[in-house]
Amino acid sequence: MNDSSWGAPAGSGRGGPDQGPVPAGPAHDRQQAAQTRPMPIVPDVPSGGFQDGHGRGAAHPSGPLFRDETPHEHPQEPMPSPTPPPPPAPPAPRQKKSAGRDLGAAIGVGVGLGAVIVASLFIWKPAFIGVIAVAVVVGLWELTSRLQERKAIKAPLVPLAVGGAAMVVAGYVRGAEGAWVAMALTALAVLVWRMTEPPEGYLKDVTAGVFAAFYVPFLATFVALLLTADDGPQRVLTFLILTVVSDTGAYAVGWRFGKHKLAPRISPGKTREGLVGAVTFAMAAGALCMEFMIDEGAWWQGLILGLAVAASATLGDLGESMIKRDLGIKDMGTLLPGHGGIMDRLDSLLPTAPVVWLLLALFVGTA
């Protein structure tokens, strides 16, 4: 390569166009040799090269020169040091498992209710019928109030309260036939009572009223039917003990060992381990009650009775939870500290009463 490639015009001679003749001689030869020396071939690279070991500027491409060259081979471009990982966070303090309610208040209220029930049950039977009637009326008030507040459903309370109390008394005095007649009359009273108001919402109101009449007072009538037998107080006490033991076993075992949800969409707090605890506790209590409290009862009958009570109490609890979830509430009321409302205590008792009455009638009769 000669100087013509750097922009000198072709055929211009040894001097520029505005210069005169160049004198000959050694100085002239040295100048000519300096001008005609071939230029080094330097590849076109982006700016930002570095100097070589002789101090001359040397271009270096941004990427590796060879296929196996890595950036860390050039000391002028050191690799950034890795950032040390942050220290591990200290483990969170282990929280103590909470029972989810005021156990002191719950135990106190439970003991008080138990004392009232046992005293009325063994001192004077009609007094216990009065206790059932009061519980039914309060339960109906809680249920109808929540229906009106959350769903705008106006189930008539007056015919329900009067008919419900009459249903319990009729069951104790006239037996199952009296309970059925009182149930039919209560449903008819609900239909007629609601006619005094505008027709809008009539169907949903009377449907809720009939449901409430069956769910609370009619099922509670079977407790009165248990009391009509000669050993009625013992049968009622067996019914109460098995239901409470089933709930307690489910609560204690589920709180301590529960890991697998039983029905998470209905009641997230209930577990399969809790159900096993309910069955175990109820069967053990049933065997003892049938052997020592029920006339002509046998321990194996108590095992069957305990299993049935655990199943019915669990289903009753889930049914009440379904109602409360539909209404968007946690408890039906606040009358009983640590428990909620009356209906929150009757949820497992109500469906269990007919189960216990039926099995005792099959095992030892109704007299």
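Reader: At what angle do the axes of helix 6 and helix 10 cross?
Author: Bear in mind that this is a predicted model. Helix 6 covers residues 232–257 and helix 10 covers residues 349–364. Their axes come within 10 Å of each other, and the crossing angle is roughly 130°.

Reader: Is helix 6 roughly parallel, roughly antiparallel, roughly perpendicular or oblique to helix 10?
Author: Take the roughly 130° crossing from before. Roughly perpendicular runs from 65 to 115 degrees and roughly antiparallel needs over 145. The angle fits neither of those ranges, so helix 6 counts, relative to helix 10, as oblique.

Reader: Is the crossing of helix 6 and helix 10 left-handed or right-handed?
Author: The residues meeting there are Arg-235, Phe-239, Leu-240 and Thr-243 on the helix 6 side. Helix 10 brings Leu-349, Thr-352, Ala-353, Val-356, Leu-360 and Val-364. As for its hand, the crossing is right-handed.

Reader: How many nonpolar residues does the contact of helix 6 with helix 10 have?
Author: Start with the rest: two residues of this contact are polar and one is charged. Among the participants are Thr-243 and Arg-235 from helix 6. The nonpolar count is seven.

Reader: Which helix gives the most to the largest nonpolar core?
Author: That core has 58 residues, and Ile-132, Val-236, Phe-239 and Leu-305 touch the most other members. Nonpolar side chains tend to be buried together in soluble globular proteins. The top contributor spans residues 202–227 and supplies 15 residues; that's helix 5.

Reader: Which residues is Ile-132 in contact with, leaving aside neighbours within four places in sequence?
Author: Ile-132 is one of the core members that touch the most others. With its sequence neighbours set aside, its partners are Val-168, Ala-220, Val-223 and Ala-224.

Reader: Is helix 4 roughly parallel or roughly antiparallel to helix 5?
Author: The two pack with axes 9 Å apart, at an angle of about 170°. Their contact has 22 nonpolar, six polar and two charged residues. An angle over 145 degrees decides the label, so helix 4 is, relative to helix 5, roughly antiparallel.

Reader: How far apart in space are Gly-178 and Val-168, C-alpha to C-alpha?
Author: Gly-178 sits in helix 4, residues 157–194. It counts as buried because its relative accessibility, 11%, is under 20%. Along the sequence, Gly-178 and Val-168 are 10 residues apart. In space, C-alpha to C-alpha, the distance is 9.1 Å.

Reader: Is Asp-205 buried or exposed?
Author: Asp-205 is part of helix 5. Not counting residues up to four places away in sequence, it touches Ile-153, Lys-154, Ala-155, Pro-156 and Arg-194. Its relative accessible area is 2%; the limit is under 20%, so Asp-205 is buried.

Reader: And what about Lys-324, buried or exposed?
Author: You'll find Lys-324 in helix 8, residues 299–327. Beyond four places in sequence, Lys-324 touches Ile-329, Lys-330, Asp-331, Met-332 and Asp-344. Its relative accessibility is 11%, under the 20% limit, so Lys-324 counts as buried.

Reader: Zooming out, what percentage of the chain's residues count as buried?
Author: The chain has 10 helices and four strands, in the order α-β-β-α-α-α-α-α-β-β-α-α-α-α. Of its contacts between residues at least 6 apart in sequence, 67% join residues at least 24 apart. Out of 367 residues, the buried share is 37%.

How values were computed:
Residues numbered from 1 in each chain as written. Predicted model: local features only at pLDDT ≥ 70, side-chain atom pairs only at ≥ 80, totals over all residues. Heavy atoms only, no water. Core = buried A, V, L, I, M, F, W, Y, C linked by side-chain atoms within 4.5 Å. Buried < 20%, exposed > 50% of the residue type's maximum accessible area, 1.4 Å probe, protein only. Contact = heavy atoms within 4.5 Å. Axes fitted to C-alpha atoms, helices over the stretch in contact; angles between N-to-C directions. Parallel < 35°, antiparallel > 145°, perpendicular 65-115°, else oblique. Left-handed = near helix turned anticlockwise from the far one by under 90°. Nonpolar A, V, L, I, M, F, W, Y, C, P; charged D, E, K, R; others polar.
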